[in-house]
Amino acid sequence: MAKTTFSKTSSAMLPWLGLALIIFIADQFTKVLILGYYQLGDATYVTSFFNVVRVHNSGAAFSFLANAGGWQRWFFTGIGIAATIFIVWMLRAHAGQKLFSFALSCILGGAVGNVVDRMMHGYVVDFLDFHYAGWHFPAFNIADGAITIGAVCLILDEVLRVRKT
(Lines give C-alpha, C1' and ligand atoms only; values in the text may rest on other atoms or scores of the structure.)
Protein backbone atom coordinates (compact mmCIF):
# COMPACT_ATOMS: atom_id res chain seq x y z
CA MET A 1 0.00 0.00 0.00
CA ALA A 2 2.87 2.40 0.75
CA LYS A 3 4.18 1.88 -2.77
CA THR A 4 0.80 2.91 -4.26
CA THR A 5 0.67 6.03 -2.11
CA PHE A 6 4.21 6.95 -3.12
CA SER A 7 3.44 6.45 -6.80
CA LYS A 8 0.27 8.59 -6.57
CA THR A 9 2.22 11.33 -4.79
CA SER A 10 5.04 11.14 -7.34
CA SER A 11 2.70 11.30 -10.33
CA ALA A 12 0.80 14.23 -8.76
CA MET A 13 3.98 16.27 -8.58
CA LEU A 14 5.10 15.53 -12.15
CA PRO A 15 3.25 18.50 -13.71
CA TRP A 16 4.87 20.81 -11.17
CA LEU A 17 8.32 19.41 -11.86
CA GLY A 18 7.54 19.79 -15.58
CA LEU A 19 6.74 23.48 -15.06
CA ALA A 20 10.00 23.95 -13.15
CA LEU A 21 11.85 22.23 -16.01
CA ILE A 22 10.24 24.53 -18.60
CA ILE A 23 11.28 27.59 -16.57
CA PHE A 24 14.80 26.20 -16.20
CA ILE A 25 15.12 25.51 -19.94
CA ALA A 26 13.79 28.96 -20.89
CA ASP A 27 16.18 30.58 -18.42
CA GLN A 28 19.23 28.66 -19.62
CA PHE A 29 18.35 29.11 -23.30
CA THR A 30 18.07 32.88 -22.97
CA LYS A 31 21.35 33.02 -21.03
CA VAL A 32 23.12 30.99 -23.73
CA LEU A 33 21.87 33.52 -26.31
CA ILE A 34 23.11 36.45 -24.23
CA LEU A 35 26.51 34.83 -23.65
CA GLY A 36 26.80 34.02 -27.35
CA TYR A 37 25.79 37.38 -28.78
CA TYR A 38 26.79 39.95 -26.15
CA GLN A 39 30.07 40.89 -24.53
CA LEU A 40 30.06 41.90 -20.87
CA GLY A 41 28.55 45.41 -20.67
CA ASP A 42 26.97 45.36 -24.15
CA ALA A 43 23.44 46.73 -24.38
CA THR A 44 20.72 46.91 -27.01
CA TYR A 45 18.09 49.63 -26.84
CA VAL A 46 14.65 48.04 -27.24
CA THR A 47 12.20 50.69 -25.99
CA SER A 48 12.38 53.91 -24.01
CA PHE A 49 12.06 51.85 -20.81
CA PHE A 50 13.76 48.54 -21.65
CA ASN A 51 17.20 47.37 -22.82
CA VAL A 52 18.81 43.98 -23.26
CA VAL A 53 22.20 44.00 -21.54
CA ARG A 54 24.86 41.54 -20.43
CA VAL A 55 25.65 41.79 -16.74
CA HIS A 56 27.41 39.31 -14.46
CA ASN A 57 26.11 39.14 -10.90
CA SER A 58 28.39 37.30 -8.49
CA GLY A 59 26.15 38.21 -5.56
CA ALA A 60 22.50 37.58 -4.78
CA ALA A 61 19.46 39.74 -5.51
CA PHE A 62 20.39 43.33 -6.37
CA SER A 63 24.09 42.27 -6.32
CA PHE A 64 24.00 41.69 -2.56
CA LEU A 65 27.52 40.53 -1.52
CA ALA A 66 28.77 40.79 -5.12
CA ASN A 67 32.16 42.06 -3.97
CA ALA A 68 32.60 39.66 -1.05
CA GLY A 69 35.72 37.98 -2.38
CA GLY A 70 34.38 34.77 -3.93
CA TRP A 71 33.07 32.78 -0.97
CA GLN A 72 29.54 33.94 -1.79
CA ARG A 73 29.53 31.80 -4.96
CA TRP A 74 29.53 28.61 -2.92
CA PHE A 75 27.35 30.03 -0.17
CA PHE A 76 24.56 30.96 -2.62
CA THR A 77 25.06 27.68 -4.50
CA GLY A 78 24.57 25.81 -1.22
CA ILE A 79 21.46 27.80 -0.39
CA GLY A 80 20.09 27.06 -3.87
CA ILE A 81 20.74 23.33 -3.52
CA ALA A 82 19.16 23.24 -0.05
CA ALA A 83 16.15 25.19 -1.37
CA THR A 84 15.81 22.74 -4.25
CA ILE A 85 15.71 19.74 -1.91
CA PHE A 86 13.21 21.46 0.40
CA ILE A 87 10.96 22.53 -2.49
CA VAL A 88 10.88 19.05 -4.02
CA TRP A 89 9.97 17.65 -0.58
CA MET A 90 7.22 20.28 -0.22
CA LEU A 91 5.90 19.57 -3.73
CA ARG A 92 5.69 15.88 -2.90
CA ALA A 93 3.70 16.65 0.25
CA HIS A 94 1.42 19.32 -1.26
CA ALA A 95 1.13 18.53 -4.97
CA GLY A 96 -2.67 18.88 -4.82
CA GLN A 97 -2.54 22.52 -3.71
CA LYS A 98 -2.46 24.25 -7.08
CA LEU A 99 -1.43 27.83 -6.27
CA PHE A 100 1.08 26.71 -3.64
CA SER A 101 2.60 24.13 -6.00
CA PHE A 102 2.68 26.64 -8.88
CA ALA A 103 4.58 29.06 -6.65
CA LEU A 104 7.05 26.39 -5.55
CA SER A 105 7.58 25.27 -9.16
CA CYS A 106 8.40 28.80 -10.26
CA ILE A 107 10.88 29.21 -7.41
CA LEU A 108 12.37 25.76 -8.11
CA GLY A 109 12.93 26.41 -11.82
CA GLY A 110 14.49 29.80 -11.11
CA ALA A 111 16.66 28.59 -8.25
CA VAL A 112 18.07 25.71 -10.28
CA GLY A 113 18.74 28.06 -13.22
CA ASN A 114 20.76 30.43 -11.07
CA VAL A 115 22.59 27.58 -9.29
CA VAL A 116 23.68 26.19 -12.67
CA ASP A 117 25.02 29.65 -13.61
CA ARG A 118 26.99 29.93 -10.37
CA MET A 119 28.48 26.48 -10.79
CA MET A 120 29.34 26.92 -14.49
CA HIS A 121 30.46 30.55 -14.57
CA GLY A 122 30.93 31.73 -10.99
CA TYR A 123 28.22 34.37 -11.53
CA VAL A 124 24.62 34.68 -12.66
CA VAL A 125 23.97 36.09 -16.15
CA ASP A 126 21.45 38.97 -16.03
CA PHE A 127 20.11 40.70 -19.12
CA LEU A 128 16.66 42.28 -18.64
CA ASP A 129 17.16 45.99 -17.93
CA PHE A 130 14.14 48.19 -17.11
CA HIS A 131 14.36 51.93 -16.50
CA TYR A 132 12.15 55.02 -16.56
CA ALA A 133 12.74 58.75 -16.10
CA GLY A 134 16.09 58.36 -14.36
CA TRP A 135 14.93 55.39 -12.26
CA HIS A 136 16.81 52.18 -13.02
CA PHE A 137 15.84 48.70 -11.81
CA PRO A 138 18.80 46.28 -11.46
CA ALA A 139 19.17 43.89 -14.41
CA PHE A 140 17.68 40.44 -13.89
CA ASN A 141 16.92 37.24 -15.81
CA ILE A 142 14.12 34.71 -16.42
CA ALA A 143 15.07 32.75 -13.28
CA ASP A 144 14.82 35.89 -11.13
CA GLY A 145 11.44 36.72 -12.66
CA ALA A 146 10.17 33.20 -11.95
CA ILE A 147 11.40 33.35 -8.36
CA THR A 148 9.64 36.70 -7.89
CA ILE A 149 6.38 35.38 -9.39
CA GLY A 150 6.67 32.35 -7.13
CA ALA A 151 7.20 34.50 -4.04
CA VAL A 152 4.19 36.68 -4.89
CA CYS A 153 2.07 33.56 -5.41
CA LEU A 154 3.21 32.13 -2.06
CA ILE A 155 2.05 35.32 -0.35
CA LEU A 156 -1.25 35.23 -2.26
CA ASP A 157 -1.73 31.57 -1.37
CA GLU A 158 -1.21 32.35 2.32
CA VAL A 159 -3.59 35.33 2.23
CA LEU A 160 -6.27 33.21 0.56
CA ARG A 161 -5.68 30.37 3.05
CA VAL A 162 -6.01 32.71 6.03
CA ARG A 163 -9.18 34.26 4.60
CA LYS A 164 -10.80 30.82 4.40
CA THR A 165 -10.25 30.16 8.11
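1. A convenient place to begin is F49, which is found in the loop between β1 and β2. In this predicted model, F49 is partly exposed, with a relative accessible area of 40%. The two strands on either side of that loop, β1 and β2, form a hairpin with 2 residues between them.

2. The pairing within the hairpin can be followed strand by strand. Strand β1 covers residues 43-47 and is joined to β2 by 4 bridges, the two strands running antiparallel. As a point of orientation for a reader tracing the backbone, Y45 stands opposite N51 in β2.

3. Strand β2 also pairs with a strand that comes later in the chain, namely β3, which spans residues 124-132. Here 6 bridges make the connection, and β2 and β3 again run antiparallel. Within this pairing, H56 stands opposite V125 in β3.

4. How much of strand β2 is buried? Of the 8 residues in this strand (residues 50-57), 6 are buried, so β2 is largely enclosed by the rest of the structure.

5. The aromatic side chains deserve a separate look, since the count comes to 6 aromatic pairs. In one of them, F49 and F130 are stacked, with 6.4 Å centre to centre and 20° between the planes. Because F49 lies in the loop between β1 and β2 whereas F130 belongs to strand β3, this pair ties together parts that are 81 residues apart in sequence. F130, like F49, is partly exposed, and its relative accessible area is 29%.

6. F130 takes part in another aromatic pair, this time with F50, and the arrangement is tilted: the rings are 4.7 Å centre to centre, with 35° between the planes. This pair, too, links distant parts of the chain, as F50 sits in strand β2 and F130 in strand β3, 80 residues apart. F50 is buried, with a relative accessible area of 14%, whereas its partner F130 is partly exposed.

7. Taken together, ring pairs link F49, F50, F130, W135, F137 and F140 into a cluster. Some of these residues also contribute to the surface, where F49, Y132, W135 and F137 form a nonpolar patch with about 470 Å² of accessible area together. F49 therefore belongs both to the ring cluster and to the surface patch, and its partly exposed state, at 40% relative accessible area, has already been noted above.

8. A final point concerns the cysteines: how many disulfides does the model contain? The count comes to 0. The sulfur of C106 has its closest cysteine sulfur in C153, at 6.2 Å, which is too far for a bond, given that a disulfide requires the two sulfur atoms to lie within 2.5 Å. Seen from the other side, the closest cysteine sulfur to that of C153 is the one in C106, at 6.2 Å.

9. Are these two cysteines buried or exposed? C106 is buried, with a relative accessible area of 4%, and C153 also counts as buried, at 13% relative accessibility. Both values fall under the 20% limit for a buried residue.

Note on methods: Residues numbered from 1 in each chain as written. Predicted model: local features only at pLDDT ≥ 70, side-chain atom pairs only at ≥ 80, totals over all residues. Heavy atoms only, no water. Buried < 20%, exposed > 50% of the residue type's maximum accessible area, 1.4 Å probe, protein only. Pairing = 2+ DSSP bridges. Phe/Tyr/Trp six-rings, centres within 6.5 Å; stacked < 30°, edge-to-face > 60°. Patch = residues over 30% accessible without salt bridge, like charges linked within 9 Å, V, L, I, M, F, W, Y side chains within 5 Å. Areas by Shrake-Rupley, 256 points an atom, 1.4 Å probe, with all protein chains shown as cover. Salt bridge = Lys/Arg side-chain N within 4 Å of Asp/Glu carboxyl O.
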